[in-house]
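Please look through the chain shown here, with an eye to how its parts are placed and how its side chains meet. The account that follows moves from single residues to the chain as a whole.

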Amino acid sequence: MKLHLSQAGSHFIFIRKYLFHISQFCLIGIFAGFAATIFLYLLDWVTTTRSHHPVIIWYLPIAGFIIGWFFHYFGKEISKGSNLILDEIHKPKRTLPFAMAPLVLFGTLCTHLFGGSSGR
């Protein structure tokens, strides 16, 4: 079976696109893994800090107020939280706001640091 030159060219284009997408997926995996690693190390640090300083739990109401204030003034568009992500997955309308990641990270770490309960 002989391949025509046009068929060989189309196979090359397919392989090139395939390798390009594989390289993109690898980069996304590396960045996602790096972000998850940083988050877990920070979460471990705040949990250890709270364990070594049990009196810090008395500041939980103040921390809760500050977290709420940040979300009120800087996170109005992300007030739906995880439901916003799920809604955008099922019915994409727009991109997720950039402020969502730092605000959720800040809120989760502060909540754990002062002894509150939030999802990991």
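Arg 50 has a relative accessible area of 24%, and because partly exposed residues are those between the 20% limit for buried and the 50% limit for exposed, Arg 50 counts as partly exposed in this predicted model. Arg 50 belongs to helix 1, yet its C-alpha atom lies 5.6 Å from that of Leu 113, a residue 63 positions away along the chain. When neighbours within four places in sequence are left aside, the residues in contact with Arg 50 are Ile 56, His 112, Leu 113, Phe 114 and Gly 115.

Thr 47 is also found in helix 1, and with a relative accessibility of 19% Thr 47 is classed as buried, since the limit for that class is under 20%. A polar atom of the Thr 47 side chain lies 2.8 Å from the backbone oxygen of Leu 43.

A further approach between parts of the chain that are separated in sequence involves Leu 105, which is located in helix 4, residues 100–113. The C-alpha atoms of Leu 105 and Phe 39 are 7.7 Å apart, although 66 residues separate the two along the chain. Leu 105 itself is partly exposed, its relative accessible area being 33%.

How do these elements fit into the chain as a whole? The protein chain contains four helices and zero strands, so that, read from the N terminus, the order of elements is α-α-α-α. Among contacts with a separation of 6 or more, 60% join residues that are 24 or more positions apart. Of the 120 residues in the protein chain, 20% are buried, and the accessible surface amounts to about 9,800 Å², with 73% of that surface belonging to carbon and sulfur atoms.

Part of the surface is taken up by a nonpolar patch, which is formed by Val 55, Ile 57, Trp 58, Tyr 59, Ile 62, Phe 65, Ile 66, Trp 69, Tyr 73 and Phe 74 and which has about 1,200 Å² of accessible area together. One of its members, Tyr 59, sits in the loop between helix 1 (5–52) and helix 2 (60–74), and with 46% relative accessibility Tyr 59 is partly exposed. Trp 69, another member of the patch, is likewise partly exposed, at a relative accessible area of 39%.

The aromatic side chains can be followed further through their ring pairs, of which there are four when the ring centres are required to lie within 6.5 Å. Phe 14 and Tyr 18 make up a stacked pair, with 6.4 Å from centre to centre and 20 degrees between the planes. These two residues are four positions apart in helix 1, and therefore about one helical turn separates Phe 14 from Tyr 18. Phe 14 is exposed, its relative accessibility being 56%. In the pair made by Trp 69 and Tyr 73, the ring centres are 5.1 Å apart and the planes stand at 50 degrees, so this pair is tilted. Trp 69 and Tyr 73 are four residues apart in helix 2, and therefore they too are separated by about one helical turn. Trp 69 and Tyr 73 also belong, with Phe 70 and Phe 106, to one aromatic cluster.

Definitions and conventions:
Residues are numbered from 1 along each chain as its sequence is written. This is a predicted model: local features need pLDDT of at least 70, side-chain atom pairs count only at pLDDT 80 or more; totals for chains, interfaces and linings use all residues. Side-chain values use heavy atoms; hydrogens and water are left out. Patches are made of residues with over 30% relative accessible area and no salt bridge: like charges are joined within 9 Å, nonpolar side chains (Val, Leu, Ile, Met, Phe, Trp, Tyr) within 5 Å. Accessible areas come from the Shrake-Rupley method with a 1.4 Å probe; for residues, only the protein chains shown count as cover. A salt bridge is a side-chain nitrogen of Lys or Arg within 4 Å of a carboxyl oxygen of Asp or Glu. Buried means under 20% relative accessible area, exposed over 50%, partly exposed in between (1.4 Å probe, protein chains only). Rings of Phe, Tyr and Trp (its six-membered ring) pair if their centres lie within 6.5 Å; planes under 30 degrees apart count as stacked, over 60 as edge-to-face and the rest as tilted. Contact means heavy atoms within 4.5 Å. A polar contact is a pair of N or O atoms within 3.5 Å; within protein, one must be able to donate a hydrogen and the other to accept it, and residues adjacent in sequence count only if both atoms are side-chain atoms.
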